[in-house]
Amino acid sequence: MKPKHSLNHNIKSVPLVLTGNNADHLEVRLSQEGLVSLLGFTASDEQTPVTLKVPAKRARKGHQIRLVIPDEEEAERPAPPKRDEKAIFKLAEAFETRRLVMENPNLSLAAIAKAHGRCHKHLAKLIERSFVAPEDLVAIFAVK
């Protein structure tokens, strides 16, 4: 014989408010009246709302952004650094430009730029960008 009301159905009737708009945690405030009626207890005169606070992080998948509550192990360890793919591409372009200039020491920067269909100012910026400090390379490639 099935009960008249399932627990899942009754949980939907408990008023709750999502508070805390932070990216590092999720906070939910539950109505004490709703919990008391759901669990079948008698209500006390004091009506303090129950607040639950858990660590959470935003996760993007396509166009959706979701709040993810990590497990205990994941919550304790820091997130691994992410590689900056755009910076890696720009750095590769800069090193390629520097190699091009080094292979043609007799040509001016303007002549190299003209031969490759580029602006000489842009080539100059790329060559300047190719001289990167080792600490910056570690940050760009996310290497420990």
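Helices here are DSSP runs of H or I with at least four residues, and they are numbered from the N terminus. The model is predicted, and local features need pLDDT of at least 70, side-chain atom pairs count only at pLDDT 80 or more, while totals for chains, interfaces and linings use all residues. Residues are numbered from 1 along each chain as its sequence is written, and side-chain values use heavy atoms, with hydrogens and water left out.

**Exercise 1.** Find the salt bridges of Arg99 and place them in the helix.

Solution.
- Step 1. Apply the criterion: a salt bridge is a side-chain nitrogen of Lys or Arg within 4 Å of a carboxyl oxygen of Asp or Glu. A search of the whole structure gives three salt bridges.
- Step 2. Take the partners of Arg99. With Glu96 the closest N and O atoms are 2.1 Å apart; with Glu103 they are 2.5 Å apart.
- Step 3. Place the residues. Glu96 and Arg99 both lie in helix 4, three residues apart, or about one turn of the helix. Glu103 and Arg99 are four residues apart in helix 4, so about one helical turn separates them.
- Step 4. Join the pairs: Glu96, Arg99 and Glu103 form a network of salt bridges.

**Exercise 2.** Decide which parts of the chain the salt bridge between Glu93 and Arg118 ties together.

Solution.
- Step 1. Check the distance: the closest N and O atoms of Glu93 and Arg118 are 4.0 Å apart.
- Step 2. Locate both ends. Glu93 lies in helix 4, and Arg118 in the loop between helix 5 (109-115) and helix 6, so the pair ties together parts that are 25 residues apart in sequence.
- Step 3. Classify the exposure, where buried means under 20% relative accessible area, exposed over 50%, and partly exposed in between (1.4 Å probe, protein chains only). Glu93 is partly exposed because its relative accessibility is 23%. Arg118, at 37%, is also partly exposed.

**Exercise 3.** Describe the patch of positive charge on the surface.

Solution.
- Step 1. State the rule: a patch takes residues with over 30% relative accessible area and no salt bridge, and joins like charges within 9 Å. Lys and Arg count as positive.
- Step 2. List the members: Lys86, Lys90, Lys121, Lys125 and Arg129.
- Step 3. Assign them to elements. Helix 4 (85-103) and helix 6 (120-129) each give two or more residues. The largest share, three residues, comes from helix 6.
- Step 4. Examine one member. Lys125 lies in helix 6 and has a relative accessible area of 57%, so Lys125 is exposed.

Technical notes. Patch = residues over 30% accessible without salt bridge, like charges linked within 9 Å, V, L, I, M, F, W, Y side chains within 5 Å. Areas by Shrake-Rupley, 256 points an atom, 1.4 Å probe, with all protein chains shown as cover. Charge placed at Lys NZ, Arg CZ, Asp CG, Glu CD.
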